[in-house]
Structures are given as structure tokens and as C-alpha cells.
Amino acid sequence: MLALFLDLIIKDILDNPQHLEAYTQEMADDEDRLLDGVEIEIDRLERLEDLAIGKQAQSALSTSRMVGTEIFTAEIQRLAAMDADC
């Protein structure tokens, strides 16, 4: 059934190529109407994501604690030694 339908469409296109151009222009116009404003929504979504990530970072920063440089340096040296042993 689908093959018959496709055959009819192809036959119509071959017999009347001028109809194809009008049809494709109509489809392009429909696409433009459907997609109008989508980019605005994507930009808005990206701004909302950035805001959420910023809030998560602020929350993480407020609950984190600083360690002294001696502890940090010692830990880095310990990790480097472990890496050198591998």
C-alpha cells in the first residue's frame, strides 16, 4: 500500500515538476512559522540553566570549608608520590 502511494507521488512529481516547487516552498513557509520563536526559547532556557548552575555554585561555596595551605600542599605531594609509584 505504501509503495503504491509513493509511486503515485513520484509519478505526479515527474509529470508536474512545477507542483513540487510550490509544495516545497509551502513546506518551508510552514517550517518558518513553526520554528518562529524557538531560538528565543532556547536562549531563555540557557539563561535559566546558567542561573541554576550559579546558584548551585554559590550553595557549594557557602557550605565548603577552606583547608590550610600546609594540608593542601601535603595532600598534593602525597598524590604526586602515589602517581610516581605507578
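The protein chain contains four helices and zero strands. This is a predicted model, and along it the order of elements, read from the N terminus, is α-α-α-α. The radius of gyration of the protein chain is 31 Å, whereas a compact globule of 86 residues would have a value near 12 Å. Of those 86 residues, 0% count as buried.

**Overall dimensions and surface**

- Taken along the principal axes, the box filled by the C-alpha atoms of the protein chain is roughly 85 × 35 × 25 Å.
- The separation of Met27 and Thr73 illustrates these dimensions: the two residues are 46 residues apart along the chain, and 64 Å lies between their C-alpha atoms.
- Met27 has its place in helix H2, where its relative accessibility of 38% makes it partly exposed.
- The protein chain has an accessible surface of about 8300 Å². Carbon and sulfur atoms account for 62% of that surface.
- No residue falls into the buried class, as the share of buried residues is 0%; this class requires a relative accessible area under 20%.

**Charge distribution**

- The protein chain carries 7 positive and 20 negative charges. The mean positions of the two sets lie 11 Å apart.
- A patch of negative charge on the surface is formed by Glu26, Asp29, Glu31, Asp32 and Asp36.
- Within this patch, Asp29 belongs to helix H2. Asp29 is partly exposed, at a relative accessible area of 31%, and it can therefore count towards a patch, for which over 30% is required.

**Salt bridges**

- Side chains of opposite charge can pair when their charged atoms come close. In the whole structure, the search finds three salt bridges.
- In helix H1, which spans residues 2–15, Asp15 and Lys11 are four residues apart and so separated by about one helical turn. Their side chains meet in a salt bridge with an N to O distance of 2.8 Å. Asp15 is partly exposed, with a relative accessible area of 47%.
- In helix H2, which covers residues 17–35, Asp30 and Arg33 are three residues apart, and therefore about one helical turn separates them. These two residues form a salt bridge in which the closest N and O atoms are 2.1 Å apart. Asp30 counts as partly exposed at 31% relative accessibility, while Arg33 counts as exposed at 56%.
- In helix H4, made up of residues 69–85, Glu75 and Arg78 are likewise three residues apart, about one turn of the helix. The closest N and O atoms of their salt bridge are 2.3 Å apart. Glu75 has a relative accessible area of 35% and is partly exposed; Arg78 is also partly exposed, at 42%.

**Nonpolar surface**

- Leu2, Phe5, Leu6, Ile9, Ile10, Ile13 and Leu14 make up a nonpolar patch on the surface. Together these residues have about 670 Å² of accessible area.
- One of them, Ile9, is located in helix H1. Ile9 has a relative accessible area of 33% and is partly exposed, so it passes the requirement of over 30% for a patch residue.

**Features by helix**

- Helix H1 (residues 2–15) contains the pair Asp15 and Lys11, and Ile9 of the nonpolar patch also lies there.
- Helix H2 (residues 17–35) contains the pair Asp30 and Arg33, together with Asp29 and Met27.
- Helix H4 (residues 69–85) contains the pair Glu75 and Arg78.

Definitions and conventions. Residues numbered from 1 in each chain as written. Predicted model: local features only at pLDDT ≥ 70, side-chain atom pairs only at ≥ 80, totals over all residues. Heavy atoms only, no water. Helix = DSSP H or I, 4+ residues; strand = E, 2+ residues; numbered from the N terminus. Rg over C-alpha atoms; globule rule 2.2 N^0.38 Å. Buried < 20%, exposed > 50% of the residue type's maximum accessible area, 1.4 Å probe, protein only. Areas by Shrake-Rupley, 256 points an atom, 1.4 Å probe, with all protein chains shown as cover. Lys, Arg positive; Asp, Glu negative; His and termini not counted. Charge placed at Lys NZ, Arg CZ, Asp CG, Glu CD. Salt bridge = Lys/Arg side-chain N within 4 Å of Asp/Glu carboxyl O. Patch = residues over 30% accessible without salt bridge, like charges linked within 9 Å, V, L, I, M, F, W, Y side chains within 5 Å.
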